[in-house]
Amino acid sequence: MSIQIQRPPNESWDCMLPGPPSRSNGGSVDISPAGLFAYSSGSSVSVVETHSMQLVTTIPLPPPTTSTTSLSPFITSVKWSPQPLPHLIDIPQHHLLLAVGDRQGRICLLDFRSKSPTVFFDTVSGSGSKLGIQDLCWVQTGPDSWILAALCGPSLLSLYNTSTGRCFFKYDASPEYFSCIRRDPFDSRHFCALGLKGFLLSVTALGDTENDVVLKELQIRTDASELLKLERDSSSSATGGGNGAPASATFPTYMAKFAFSPHWRHLMFVAFPRELVVFDLQYETALFSAGLPRGCGKFVEVLPDSNIEVLYCAHLDGKLSTWRRKDGEQVHTVCAMEELMPSIGTSVPSPSILAAVISHSVAALQNIGKLYSDAHHSVDVDFDNPFDFCDESLVLSKTRLISISDDGKVWKWLLTAEGSVDVQKDMTNPDNVVEACKTIPSEIPIGHISEISTSSRTSLSKSPTSQDEVSFKISLVGQLHLLSSAVTMLAVPSPSLTATLGRGGNSPAVAVPLVAVGTQSGTIDVIDVSANAVTVSFAVHNSVVRGLRWLGNSRLVSFSYSQGTEKAGGYINRLVVTCLRSGLNRPFRVLQKPERAPIRALRASSSGRCMCHPVNIVCMKR
């Protein structure tokens, strides 16, 4: 049965700054229709408001009560609850719930308002052990009832009743490795689970009992030779699948993702590490397949655009490829290649993209505009810009994409498709849209539209334009910088210095609550506590920051050390002064030979003019 959790009184994590996500989190992200972006970082869930790109809150998951350690496991899946959630759950504000799964096999519902777990599901298997969670998916079984589907361990699919927290259906697909699970946008009762070797399980849940689940096993042909080699290597190590670890833990860089087409029923886009496949569920066959574009890393995510028939594929090396369908056939070609990780100003080695997701909060408003706007006006409107309503631009579509990288940054991109006036009229002809909508019965409730004929979607999806008439571009429109690595040192400026050095006397300067932290990667992050965000980051050292002090309120001094060569021995000490105003890093006390001992401590005077370490005292000049 489910476990009710008592909420701690007056406990809040509003001022908690999350650490960077990692591959151990499995790229678990989700975005709500309102634009709330949730992602896992370590054992916490962070929520970002994507319109203003501000951190809303960070909710840590408490450690297991039965565990011998006080550390919480990595969170590997997050999913916003749909709207509306079942009325059986006695929780106010249902749409502000997050379903969360972790590496130790726990599944819980996090209340976004109280910032605490509300319900833990009963995930103990028959053997008494828990299998790590790979992915989660909400599935609708009635007009006001939802269940939660979970991929547990390497090959187990479990369905949970959200009112009781109990599992009522299990399916074991071993020796396959389940990778991801998605719900059909045309029928919320239907969902699919994809395996790394191409196994595809199509499931329709008509209720919350075992007899109400209808299964269909399919196979997508793909080259799994690389996976078989990785499987042999992992079987002889501690990370093998025998310990109940999900596929993201066993094969962190080998992923298979898919997405349903928002324009064509029964079609899905499948991205294996080195192959992109268009698969037809109705005819159980692959309609198109293509290998990796030249010079690109493995596929990480496939993201169909809901405005036009375009696919965006994120790659392991940080690239974003844009694929467009050819007219009259399900053949897709690469029409643009961009970078999701700018090469300017990044550290070496370059950070990597962990996950990407398309924000559909603006897409819904754009679809309304296509139904009721005049054919001679632009149907794409930037709802963040009030002056864009009168813009006679040639923009066909604007899509916002959110991505996260392992250096603690959340990126907001604007993907724009532009074309000629004739193309714009053809792609947004209101007559075609209204005629197609006439075939959709309004009596059918949301999530139960499996009886709708495919002809209505086909007329919406026709694209009479040629490949050369549309151009694509990407723009970085927002960024949120959080902690770039694990914190090793923390330094707080003297309050008196911050308040008086600006103007002094009885008219002190406004105090800015800044905190500097040194990280394991060698960077120094300066945090504005009032804004709960990193204001600036400096790549100062090549190793762990061992010491950090403020020199006044505008300079920082830090040190690190590393061992010398095997022949010379000793330690190489590095002392650096960083100016926050100019951004310059100036090393001092540079020696030609390694020293016998590393620097262990560092102190600075309250004025910031003098500092000392175990070797000598240094007077600092401004």
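This is a short walk through the structure, stop by stop, with something to select at each one. Keep in mind that the model is predicted.

**Stop 1: a four-stranded sheet**

Start by selecting residues 487–491, which make up strand 30, and residues 533–539, which make up strand 33. These belong to an open sheet whose four strands come in the order 30-31-32-33, paired antiparallel. Strands 30 and 33 are the edges: each has a single partner strand, so one side of each is left without a neighbour in the sheet. Look along the sheet and you can follow its twist, which averages 25 degrees from one strand to the next.

Now add residues 523–528, strand 32, to the selection. Strands 32 and 33 run antiparallel and are joined by six bridges. For one of the pairings, pick Val-526 and look across to strand 33, where its bridge partner is Val-536.

**Stop 2: a covered strand and its two partners**

Next, select residues 395–405, which is strand 27. Is this strand mostly covered or mostly open? It is mostly covered, with 11 of its 11 residues buried.

Bring in residues 353–359, strand 26, and you'll see an antiparallel pairing with strand 27 over six bridges. Within that pairing, Ile-353 sits opposite Ser-405 of strand 27.

Then show residues 409–419, strand 28, which pairs with strand 27 over nine bridges, again in the antiparallel sense. Click on Ser-403 and find its bridge partner in strand 28, Trp-411. Strands 27 and 28 form a hairpin with three residues between the strands, and in this hairpin Gly-408 has a positive phi near 85 degrees.

**Stop 3: backbone oddities in the loops**

Time for some torsions. Most residues other than glycine have a negative phi, and most peptide bonds are trans. The next three picks go against that pattern.

- Select Lys-115, which isn't a glycine but has a positive phi of about 55 degrees. You'll find Lys-115 in the loop between strand 8 (107–111) and strand 9 (116–120). With a relative accessible area of 15%, Lys-115 is under the 20% cut-off and so is buried.
- Move on to Glu-284, another non-glycine residue with a positive phi, this one near 55 degrees. Its place is the loop between strand 20 (275–280) and strand 21 (285–291). Glu-284 has a relative accessible area of 40%, which makes it partly exposed.
- Finally, select Ser-174 and Pro-175 and check the bond between them: the peptide is cis, with omega about 10 degrees. Pro-175 is in the loop that runs between strand 13 (167–172) and strand 14 (178–184).

**Stop 4: salt bridges**

Side chains of opposite charge can pair when their charged atoms come close. How many salt bridges turn up in the whole structure? The search finds 14.

Begin with Arg-182 and Asp-135, whose closest N and O atoms are 3.0 Å apart. Arg-182 is in strand 14 and Asp-135 is in strand 10 (residues 133–142), so this pair ties together parts that are 47 residues apart in sequence. Asp-135 counts as buried, at 7% relative accessibility. Add Lys-79 to the selection and you have a network of salt bridges linking Lys-79, Asp-135 and Arg-182.

Next, pick Lys-197 and Glu-231, which form a salt bridge at 3.4 Å, N to O. Lys-197 is in the loop between strand 15 (187–195) and strand 16 (199–205), while Glu-231 is in helix 1 (residues 225–235), so the pair ties together parts that are 34 residues apart in sequence. Glu-231 is at 19% relative accessibility and counts as buried.

One more pair to show is Asp-317 with Lys-319, whose side chains meet in a salt bridge at 3.4 Å, N to O. Here Asp-317 counts as partly exposed, at 36% relative accessibility.

**Last stop: around Ile-572**

Finish by centring the view on Ile-572, in strand 36 (residues 571–579). Ile-572 is partly exposed, with a relative accessible area of 46%. What does it touch, leaving out residues up to four places away in sequence? Show Ser-560, Tyr-561, Ser-562, Gly-564 and Pro-594 to see those contacts. Then look at Pro-598: it is 26 residues from Ile-572 along the chain, and their C-alpha atoms are separated by 7.3 Å.

Key. Residues numbered from 1 in each chain as written. Predicted model: local features only at pLDDT ≥ 70, side-chain atom pairs only at ≥ 80, totals over all residues. Heavy atoms only, no water. Pairing = 2+ DSSP bridges. Helix = DSSP H or I, 4+ residues; strand = E, 2+ residues; numbered from the N terminus. Axes fitted to C-alpha atoms, helices over the stretch in contact; angles between N-to-C directions. Buried < 20%, exposed > 50% of the residue type's maximum accessible area, 1.4 Å probe, protein only. Contact = heavy atoms within 4.5 Å. Salt bridge = Lys/Arg side-chain N within 4 Å of Asp/Glu carboxyl O.
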